[in-house]
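Work through the exercises below with the sequence and the coordinates at hand. Each task is followed by a solution that proceeds step by step.

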Amino acid sequence: MHAVFKYNPSMHNVVQVGEGDYNSCRVSGPSRTYTSGNDHIQLVRGGKAFFICSRPGHCQQGMKIAVTA
Ligand SMILES: [Cu+2]
């Protein structure tokens, strides 16, 4: 199972973060950044994954998603 993120890469990105960073809209712990604009990200079955956009203000305005695979 995987997640697909399609977006304009000149405006946004996708950063996989931990739950704490997801809640606070910060990237302070382990993370992985995707910038292709058409990212296919493998998910661990039965696990939760947390994604935010790290461009300034975007996550705070709601550009974030938590998924359960
Ligand atoms: Cu964004």
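**Exercise 1: Fold and overall dimensions**

Task: Establish which secondary structure elements the protein chain contains, and in what pattern they follow along the sequence.

Solution: In this predicted model, the protein chain holds one helix and six strands, and reading along the sequence gives the pattern β-β-α-β-β-β-β. Expressed as fractions over residues 1-69, helix accounts for 9% and strand for 39%, while the end C-alpha atoms lie 7 Å apart. According to UniProt, in an unreviewed entry, residues 1-69 are listed as "domain: Phytocyanin".

Task: Decide whether the radius of gyration of the protein chain agrees or disagrees with that of a compact globule.

Solution: Begin with the chain length of 69 residues, for which a compact globule would have a radius of gyration near 11 Å; because the protein chain has 11 Å, the two agree. Next, take the extents of the C-alpha trace, which spans about 30 × 25 × 20 Å along its principal axes. Then turn to the contacts: among those between residues at least 6 apart in sequence, 62% join residues at least 24 apart. Finally, consider the surface, where buried residues make up 32% of the 69 and the accessible area comes to about 4,400 Å², with 51% of it belonging to carbon and sulfur atoms.

**Exercise 2: The copper site**

Task: Identify the protein donors of the copper ion and classify the geometry of its site.

Solution: The donors are His 12 through ND1, Cys 53 through SG, His 58 through ND1 and Met 63 through SD, at 2.0 to 2.5 Å from the copper ion. Placed along the chain, these donors follow the spacing H-x40-C-x4-H-x4-M. For the geometry, the angles among the four donor atoms run from 88 to 136 degrees; since a tetrahedral assignment requires all angles to lie between 85 and 135 degrees, the site is classed as irregular. For reference, the ideal angle for four tetrahedral donors is 109.5 degrees. As for the cover of one donor residue, Met 63 counts as partly exposed because its relative accessibility is 35%.

**Exercise 3: A loop proline**

Task: Locate Pro 56 relative to the strands, and determine whether Pro 56 is buried or exposed.

Solution: Pro 56 belongs to the loop between β5 (48-52) and β6 (64-68). Its relative accessible area is 76%, so Pro 56 is exposed, the cut-off for that class being over 50%. To complete the placement, compare Pro 56 with Cys 25: the two are 31 residues apart in sequence, and their C-alpha atoms are 9.8 Å apart in space.

Notes. Residues numbered from 1 in each chain as written. Predicted model: local features only at pLDDT ≥ 70, side-chain atom pairs only at ≥ 80, totals over all residues. Heavy atoms only, no water. Helix = DSSP H or I, 4+ residues; strand = E, 2+ residues; numbered from the N terminus. Rg over C-alpha atoms; globule rule 2.2 N^0.38 Å. Buried < 20%, exposed > 50% of the residue type's maximum accessible area, 1.4 Å probe, protein only. Contact = heavy atoms within 4.5 Å. Areas by Shrake-Rupley, 256 points an atom, 1.4 Å probe, with all protein chains shown as cover. Donors = N, O, S within 2.8 Å, 3.2 Å for Na, K, Ca; no water. Tetrahedral: all angles 85-135°; square planar, octahedral: opposite > 155°, others 65-115°. UniProt positions renumbered as here; feature names shortened; annotations may be inferred.
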